[in-house]
There are 2 protein chains.
Amino acid sequence: MEQNTQVLLAARPDGWVKTSDFEIVETPIPSLKDGEFLVKNHWLSLDPYMRGRMADAKSYAKPVAIGEVMAGATVGQVMASKNPAFTEGGFVVGRLGWQSYSITSGDGVSQIDPTLVPIQNYLGVCGMPGATAWIGLLEICEPKPGETVLVSAATGAVGSVVGQLAKAAGCRAVGIAGGTKKCSYAVDEIGFDACVDYKSGNLLKKLKEACQDGVDCSFENVGGEIMDTVMHVLNPFSRIALCGLISGYNETSPYGMKMIRSILVNRVKMQGFIVFDRTDLYSKAVKKLSHWVAEGKITYRETVTDGIENAPEAFIGMLKGQNLGKQLIKIT
Amino acid sequence: MEQNTQVLLAARPDGWVKTSDFEIVETPIPSLKDGEFLVKNHWLSLDPYMRGRMADAKSYAKPVAIGEVMAGATVGQVMASKNPAFTEGGFVVGRLGWQSYSITSGDGVSQIDPTLVPIQNYLGVCGMPGATAWIGLLEICEPKPGETVLVSAATGAVGSVVGQLAKAAGCRAVGIAGGTKKCSYAVDEIGFDACVDYKSGNLLKKLKEACQDGVDCSFENVGGEIMDTVMHVLNPFSRIALCGLISGYNETSPYGMKMIRSILVNRVKMQGFIVFDRTDLYSKAVKKLSHWVAEGKITYRETVTDGIENAPEAFIGMLKGQNLGKQLIKIT
């Protein structure tokens, strides 16, 4: 019988994640108990938040234990079922971990329509990252037509949706990304009005040029020096949706944010959020985004790495910004 | 005829304010034009925000020009009037500057009832600081009964009102102040449940002891290392009303805030605010607070310095935290 390939957390990273922080094992697939079903995972999602799960710092979710399967969402097909709600052959998305097979009782697992959009989209533009973009931009930033929306990590799975939602809301959308290739993609394909390359230096000057009317909404995925620089171009009464701080996830000492004063003098609202706090909006967002993707109204890119055994390296590459759009592992 | 004693801004401070950054002059009182009236200022308010007006950094209000009368609120009596809305003998509060007499057309000047509370209260508990406490706590923090409200600069003009409003809202109120004298005053007179002395070391440990259920609302007046330490005790979904950053006002390089991550993982809302943005609530707050003070329901303290010529030194003392409660200058 086929074995289950699992990626376990082997060690808590000290600074940058290393491939040796993971261990890849082959284990037998246990038999099903009543209420359970077996999923063959086709796609694994790799997301920045997973870096947080590897650490034992206090966060909004429990850390993965050493020796445990790494936490993560997959899309897969039900191969066998002792749960009447999930029938054999159906496709599902859920937090089923970095492994080729998962046994689950269905908690946090949803059925998906494989005919509407490619199934891996439920891990990206039609899944958690898309819903994150939706909730952060529309619920926290509340952009008004004519305003300027600035998005860091603009070509990532979340940022690229933020940019398109901002344009749909009648805003000027400005991205921040690393390198000319990503910036060209942001403007030419995603539809950002401008994109600033933070790797080319003079970020503040370039932000001022790209955001001549200042910034009303800042969708923050990066943190650190980039976020601190954005503080200089915020308008009075602007809003910051604090979605991620990827620049600091692998740092052993946190960046010191100097421009807190901007939040005071500009009367800024900054709000941290986690997409799973808003289950009400999550399903609404995923439904709308799926239909828009099916209708060709939303564009997206994927960076696909083959083989679950390559997930650790692909994950590290994503944390370094080597991907364009959604980083996926094709398991099977 | 009597001369007008005025305190002018002589130089923009570089780091800590010095008395030589001010110049005291005697000038003749000009005659009134139609629509104007003459106010003899009895009390001058000294407030941390004035440090911002001395600098030419971009802020929410224009800086005071060199050679101009320092900006500030006073309470005084109308001595002569060519404005039918303000009759001779009436008492007023307004932004009339650091001077013993002011001529004004009444813009931003309000009439006050000198029989309800002592007139200088309209500069403190029944004025801008009281309204600031009200708006920041009730509108931004939205405390719920049973929650813990943490207030820095707890014995200041704003903080002492925040503490009492928090208790009235059914919350546990915890203060942060400098020194045992202030902390005793906070607990014994203002009614805080606990007060942590930031000068005695081990702030984080003491905050954890004083806020065993964590912090749901943080009313931030201080910033810097104190604010950064508070980030460690924030609860999920807590709210920070960012009112002031007094610890940094005289620093030449800003403190680097390390715990921004807490805003993300705890899904915190942090909002900067300026009381004058909420004129709707300002009058409501002042009215309620004045009646509560008159009924003895709100306690407050004043630190009074005699003589407008001593305003620069008293202002510097206030920035160093030498006052208890509202810092006032008794002009006449």
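These legends go with three close-up views of a predicted model.

**View 1. The two domains of chain A and where they meet.** Chain A gets split into two pieces by the domain assignment. Domain 1 is built from two stretches, 4-124 and 301-330, while domain 2 runs over 128-276. Going by C-alpha atoms, the centres of domain 1 of chain A and domain 2 of chain A sit 28 Å apart. Where these domains touch, domain 1 of chain A puts in 15 residues and domain 2 of chain A also puts in 15 residues. Look at the domain 1 side of that contact in chain A and you'll find seven nonpolar residues, five polar ones and three charged ones.

**View 2. Chain A up against chain B.** Here the contact draws on 25 residues of chain A and 25 residues of chain B. On the chain A side, helix H7 (260-265) and strand S13 (269-272) each chip in at least two residues. H7(A) is the top contributor to this side, with five residues. Sort the chain A residues that touch chain B by class and you get 13 nonpolar, seven polar and five charged.

**View 3. Strand S13 meets strand S13 across the chains.** Zoom in on S13(A), one of the elements that helps chain A touch chain B. S13(A) pairs with strand S13 of chain B, residues 269-272, and the two run antiparallel. Three bridges make up this pairing. Which residue of S13(B) stands opposite A:Met270? That's B:Met270, so to speak the methionine's own counterpart in the other chain's strand.

Methods. Residues are numbered from 1 along each chain as its sequence is written. Chains are lettered from A and ligands numbered from 1 in the order in which they are written. This is a predicted model: local features need pLDDT of at least 70, side-chain atom pairs count only at pLDDT 80 or more; totals for chains, interfaces and linings use all residues. Domain bounds come from an automatic or database domain assignment. Two residues are in contact if their C-beta atoms, placed from the backbone, lie within 7 Å. Ala, Val, Leu, Ile, Met, Phe, Trp, Tyr, Cys and Pro count as nonpolar, Asp, Glu, Lys and Arg as charged, and the others, Gly among them, as polar. Helices (H or I, at least four residues) and strands (E, at least two) are DSSP runs, numbered from the N terminus. Two strands pair if DSSP finds at least two bridges between them.
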